[in-house]
Amino acid sequence: MSGAIRARKVDYTAEKDIVGLDDGADNGLSFVDRTLRSQKVLPPFQWSHVLSEIQWISFTVLTITPILALYGLWNVPLDMRTLAWSIAYYFITGLGITAGYHRLWSHRSYNASRFLEYALMCMGSGAVEGSIHWWSRGHRSHHRYTDTDLDPYGAHTGLLWAHVGWMIVKPRRKPGPVDTSDLRKNPVVMFQHRFYIPMILFWGLIFPTLVAGLGWGDWKGGFFFAGVARLVFVHHSTFCINSLAHYLGDATFDNKHSPRDNIITALCTVGEGYHNFHHEFPMDFRNAVKWYQYDPTKWFIWSMYKIGLAYNLKTFPENEINKGRLVMQLRAAHDEAKKLKLSTPVSELPILSWDDFVLEAKTKPLVVVHGFIHDMSTFMDQHPGGRNYIAAYIGKDASVAFQGGVYEHSNAAHNLLSMMRVGVLSGGMEIASRKQNHVPSATPLLWGDSSNMTSSESDEPLTPKQDWIEEPTKRVRSDAATYIPPGEAYGVIEHRSLNENVKMKGTAFGKIM
């Protein structure tokens, strides 16, 4: 709102030839870093020079309006018809920002007829938040340079700055360059920019006062409630998009940047609260994709489409939206999995031949299931079917019995059984194991006890093919290190996290100041 109230001319220098900018690497620096280095920066804010640091036009508008609203609440009787008109005009002017300034002109997420463009221009002017060109130029910078110093109201600078501070205090640097050539060619946009001051005075204050005054004689109520108080609510509703929508809620589609999805913010911002979706898919005319999510702006645009005033409503492919959601769900599952105690990795388990397994099972209750050797000593007495079922398969392959031959066990049973793994059966089953050469052990195989082995077995030298890897407590053959059984040959790629410049120290949340 600030710069647009004060300046009538459009500054084209920042946007000039954006598409043709050199995007080559400069000593490995990104475009953002190169731009930051090339820009002039004001000195840090100093309280000793606070009067020269203030943007006085914006400061005046943002402080006088709430003072006048409080005066009206205290001194002017509230007519219920005026209250209803104030609420209605709040949504009308709010839609001028969300459906007009934001989704039409900033993001070009749909096309509007000339009549609808002029209507949205008038509605948005009633919100008194700057001209369409000024507002959209800043918002495009916000999206292109999110959470960097080229973002005019970046969340990384703090919640209060993103909400209102950037309009009260002079910014330290210019917003990042963007292309606004389409806005400069739009006659509606340039008409409003040229006549911005009379537009905001009429649609922001005079028109709501006229409706209440001529309609039911409440001139004072029309001015203080439908005009001024309504303006305060519209202002801070929009400002919440820059602040709360980057602070409260979930990163449903991406967590690299600060935008979040939250129903509370949606209620405060005429449906702009599903901000993580919006930043991930900014060309989509929707902010909420589920039918039950609150987004009156989406339904307004859809209604205009149905009556022929809007067309070319853009939506991002559903398949790609689902991919984004799935990636974050996998990330959440991956983070949750880190908290769980999982079975010993297969590459750390010793590999035994069938004969060695049978030999070890003489002193320990060992059972083979699906090619893994399990120590059942801690579970035999807890087995729901009784210990005799397990005892019957000690030293044997119980895969068929476990998988349904005796009882088809649940997924929980599979998970619990995996925690009892102590080895891998060479070949995976008895017959396959016997086809391979016997692998004798020069050291204890599982528990360091070779008292039951014959001298010929314990003293037999290892053959070169067996290539053992020495470890302090056990020896594992090298082929075990590369063995990945079915069901474990996958991984979740570590996803990006909220940038450190956005976080409050020691937390995953955004800064407040």
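Student: What makes strand β5 (residues 372-375) and β6 a pair?

Tutor: Two strands pair if DSSP finds at least two bridges between them. Here 3 bridges join β5 to β6, and the two strands run antiparallel, so the definition is met. One of the bridges links H374 with R421 in β6. The names come from DSSP runs, numbered from the N terminus: helices are H or I with at least four residues, strands are E with at least two.

Student: On what kind of model do these statements rest?

Tutor: This is a predicted model, in which local features need pLDDT of at least 70 and side-chain atom pairs count only at pLDDT 80 or more, while totals for chains, interfaces and linings use all residues. Residues are numbered from 1 along each chain as its sequence is written, and side-chain values use heavy atoms, with hydrogens and water left out.

Student: How do you know which strands lie at the edges of the sheet?

Tutor: The open sheet has 4 strands in the order β3-β6-β5-β4. Strands β3 and β4 (366-369) each pair on one side only, and these are the edge strands. Strand β3 (residues 351-352) pairs with β6 in the parallel sense over 2 bridges, and L352 has L425 of β6 as its bridge partner. The pairing in the sheet is mixed.

Student: Why is strand β6 called mostly covered?

Tutor: A residue is buried under 20% relative accessible area, exposed over 50% and partly exposed in between (1.4 Å probe, protein chains only). In β6 (residues 421-425), 5 of its 5 residues are buried.

Student: Why are V128 and D147 called buried?

Tutor: V128 has a relative accessible area of 8%, and D147 is at 1%. Both values fall under the limit, so both residues count as buried. V128 lies in the loop between α6 and α7, and D147 in the loop between α7 and α8. Each has a positive phi though neither is glycine: near 50 degrees for V128 and near 65 degrees for D147.

Student: Why are α8 and α12 called roughly perpendicular?

Tutor: Angles run from 0 to 180 degrees between N-to-C directions, with axes as lines fitted to C-alpha atoms, for helices over the stretch in contact. Under 35 degrees counts as roughly parallel, over 145 as roughly antiparallel, 65 to 115 as roughly perpendicular and the rest as oblique. Helices α8 (residues 159-168) and α12 (residues 219-242) pack at about 110 degrees, with axes 8 Å apart. They are therefore roughly perpendicular.

Student: What makes a group of residues a nonpolar core?

Tutor: Such a core is a set of buried Ala, Val, Leu, Ile, Met, Phe, Trp, Tyr and Cys residues joined through side-chain atoms within 4.5 Å. The largest has 30 residues, of which W105, Y110, L116, L120, M121 and F300 touch the most other members. Helix α5 (80-106) is among the elements giving two or more residues to this core, and α5 gives the most, with 7 residues. A second, separate core of 10 residues includes F379, I390, F402 and M420.
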